[in-house]
Structure formats: structure tokens, C-alpha cells
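Open the model in your viewer and keep the sequence panel visible. The tour below says what to select at each stop.

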Amino acid sequence: MKKKHRCLSAGILFADVGCHPIDHLPVPGELVQTERVELALGGCASNVSLNLARLEVPTGLCGCVGDDSFSDYVVRALEHELIDTAGVRRVSNFGPGCSMIVNVKGNDRRFISTTGANREFHIDEIPGSWAEEAEVLYLGGYLMMPHLEEEATIDFFKRFQMHGGKTILDVVLWGERSYWDVIKPILPYVDYFMPNDFEGMQISGLSDPLDQAKFFLDGGAKVSIITCGEKGSIYYSERERFKTGIFPVNYVGGTGSGDAFGAGFISAVLDGETPLRLMKRASAQGMSCVRDMSATKSVFTRAEALAFVDANELEVTELS
């Protein structure tokens with residue numbers, strides 16, 4: 001019998017308001033024209049879920065939204081036969097997480113964000129039956145949800161691994177504090193830790209992404225994966241250590257590219273792929289995302305992803 005939830009995606013759910021890339025940031029009082037401004041789905045857990053649906057992976061989604069019109073939009077945007085949203089809770093007198101995203105040509109995107117209802121999410125809101133049947137647990141936006149920074153979350157990860165599941169931890173830096181003090185206790189129960197190089201630097205205090213990867217491996221993660229934007233990504237474990245490049249693309253906007261990368265990775269994990277193939281499929285999915293300014297509109301379907309990966313090579317450099 002086919003499992004209902006092959007992946008369990010939990011964490012932050014957002015509504016994003018973004019602009020088409022502009023030539024420069026406005027100075028005080030200046031109006032800068034853009035082709036369009038649009039409302040789109042955002043947030044690690046929601047983006048990953050929608051990507052996984054495109055990749056034909058049945059997913060259970062858990063998180064919190066509010067009771068306003070933006071929250072209504074988030075819930076509607078996640079309606080898909082392969083996404084079970086029964087784990088999404090409405091919180092009274094809140095909006096959802098929301099980001100204003102400013103895209104400037106030639107620059108990384110800029111965010112102005114509020115956590116909204118995400119701050120109310122607890123790990124025990126994940127249905128036990130979902131955790132028992134899922135093969136992969138993805139937790140996205142860790143550090144943005146204060147109630148998850150508790151022993152119960154560590155125990156949940158530990159139990160998930162004990163029944164044979166794989167755990168993936170992704171972060172969003174929130175507030176000024178010692179992030180490592182929060183990350184360190186859960187890391188021994190993380191199969192794949194996936195920060196980008198800026199997040200890795202803020203957590204570890206190390207500027208070199210390779211040093212970051214080693215640091216997180218020494219801290220207990222089974223595999224460190226450091227994404228470095230246009231400089232590619234690092235895969236670092238006890239047995240496999242290499243860096244990949246990126247696929248050429250007509251870049252429009254980077255919003256959601258890390259989440260698309262994560263979904264491509266999850267899909268490949270569920271297919272039992274080799275580490276190199278994991279990274280190739282993750283990179284392809286991430287690449288497909290940046291062809292549009294939204295986080296999910298241009299992402300590959302499963303057929304498109306597999307065809308692209310089979311037809312294109314990705315630069316690989318072995319690491320010591």
C-alpha cells in the first residue's frame with residue numbers, strides 16, 4: 001500500500017509580497033518603477049511542500065497561519081492532492097508569516113519579515129501517525145519558531161531516526177543571539193543540515209564554507225550541506241566530500257531557491273540516489289526556481305527535473 005505521507009514538512013508558512021527586479025534601491029522619497037508586484041506563497045515548509053507535490057511526493061504539512069486574508073491565501077495556495085494540510089493550524093488574531101521582498105538587478109534579494117502565527121507552532125502539533133509513516137522529516141525555518149527550541153523537538157528528531165526515518169534541518173536566522181547554543185543540542189539527530197554560507201557563518205563564526213561544513217559535522221550532523229549561491233554547494237560527510245557548481249540559468253529572482261534545492265534533495269533521498277546524484281537533483285530544482293520572481297511558479301515537475309538532470313552535467317570538485 002502506498003504511504004500517504006512519504007515526507008513530513010514542518011515549519012514556517014509565509015505569504016510573500018515581492019517586486020520584479022528593479023535597477024536600484026530607491027533613495028528616501030524616490031519612486032522606482034517595477035514591472036509588477038505580486039503576492040506569492042513563501043516560507044520554507046510551504047515552499048518545500050509545493051515543490052514536493054510537483055515532484056510527485058505525498059507530503060504532510062504542519063505549521064501555523066492566522067485568521068486574516070493573507071492566511072486565507074496561504075491555505076488556498078497549498079491546495080493540492082499530494083499535500084495534506086490537516087496539520088496546518090489557524091491561530092486567532094494573527095496574520096501568517098509575511099515578507100516584503102525587494103529584488104534589485106545584480107543583487108541578492110532583501111527581506112523585511114514578520115513571523116506572524118509561526119511563533120505559535122509546537123512540535124507536538126505533528127500527528128503521531130504521520131511521523132510513524134513518513135520516511136523523511138523536513139523542518140524548515142528553525143530559529144524562527146521559539147516553541148521548537150525545546151527538548152521535545154530534540155526527542156521528536158531522535159524518535160524519527162529510531163524508526164528509520166531521515167531528518168533534514170533548515171534554518172532562518174531570527175534575532176541577535178548565539179545561534180549555535182540552539183543548534184548544537186539537536187545536531188546529533190540531524191541527518192542533513194542545510195544552511196547557506198551566510199547562515200553557516202553566523203552560526204559557527206567561520207567565514208569559509210568548507211570550515212563551516214567540518215564544524216557542523218564535528219558537531220554531530222551526519223552530513224553538512226552548505227549552499228553558496230552562484231558559487232555552488234558543498235556536500236560533506238565522513239565518507240563523501242565534494243563541491244558542486246551550478247547550472248546556467250536566466251536568473252530572475254532567488255526567492256525560494258533554497259527551498260526548491262531542499263525539495264529536490266528530499267525527492268532524491270526518497271529515490272535512494274547516491275550523494276552526487278542527490279546534489280545534482282537538488283541543484284537542478286533550485287535552478288528551476290530562480291527563473292521567476294516567485295518561490296514556486298517556475299519549479300520543475302518530476303518529469304522535467306529528471307529529464308534535465310539526465311541531459312546536463314554539473315561541475316564537481318573533490319574535497320579533502
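**Stop 1: two helices**

Select helix H6 (residues 197-204) and helix H7 (residues 209-218): their axes come within 10 Å and cross at roughly 60 degrees. Axes here are lines fitted to C-alpha atoms, for helices over the stretch in contact, with angles running from 0 to 180 degrees between N-to-C directions. H6 and H7 are therefore oblique to each other, a class left over once angles under 35 degrees (roughly parallel), over 145 (roughly antiparallel) and 65 to 115 (roughly perpendicular) are taken out.

Now show side chains. On H6 the contact (heavy atoms within 4.5 Å) is made by Asp 197, Gly 200, Met 201, Ile 203 and Ser 204, and on H7 by Pro 209, Gln 212, Phe 215 and Phe 216.

The model is predicted: local features need pLDDT of at least 70, side-chain atom pairs count only at pLDDT 80 or more, and totals for chains, interfaces and linings use all residues. Residues are numbered from 1 along each chain as its sequence is written, and side-chain values use heavy atoms, leaving out hydrogens and water.

**Stop 2: a covered strand**

Select strand S4 (residues 59-65; strands are DSSP runs of E, at least two residues, and helices are runs of H or I, at least four, numbered from the N terminus). Seven of its seven residues are buried, meaning under 20% relative accessible area with a 1.4 Å probe, protein chains only. One side carries Thr 59, Leu 61, Gly 63 and Val 65, the other Gly 60, Cys 62 and Cys 64.

**Stop 3: its neighbours**

Add strand S1 (residues 7-11), which runs parallel to S4 and is joined to S4 by four bridges. Ser 9 has Leu 61 as its bridge partner in S4. Then add strand S5 (residues 83-90), paired with S4 in the parallel sense over six bridges; pairing requires at least two DSSP bridges. Here Gly 60 is partnered by Asp 84 of S5.

How values were computed
Buried means under 20% relative accessible area, exposed over 50%, partly exposed in between (1.4 Å probe, protein chains only).
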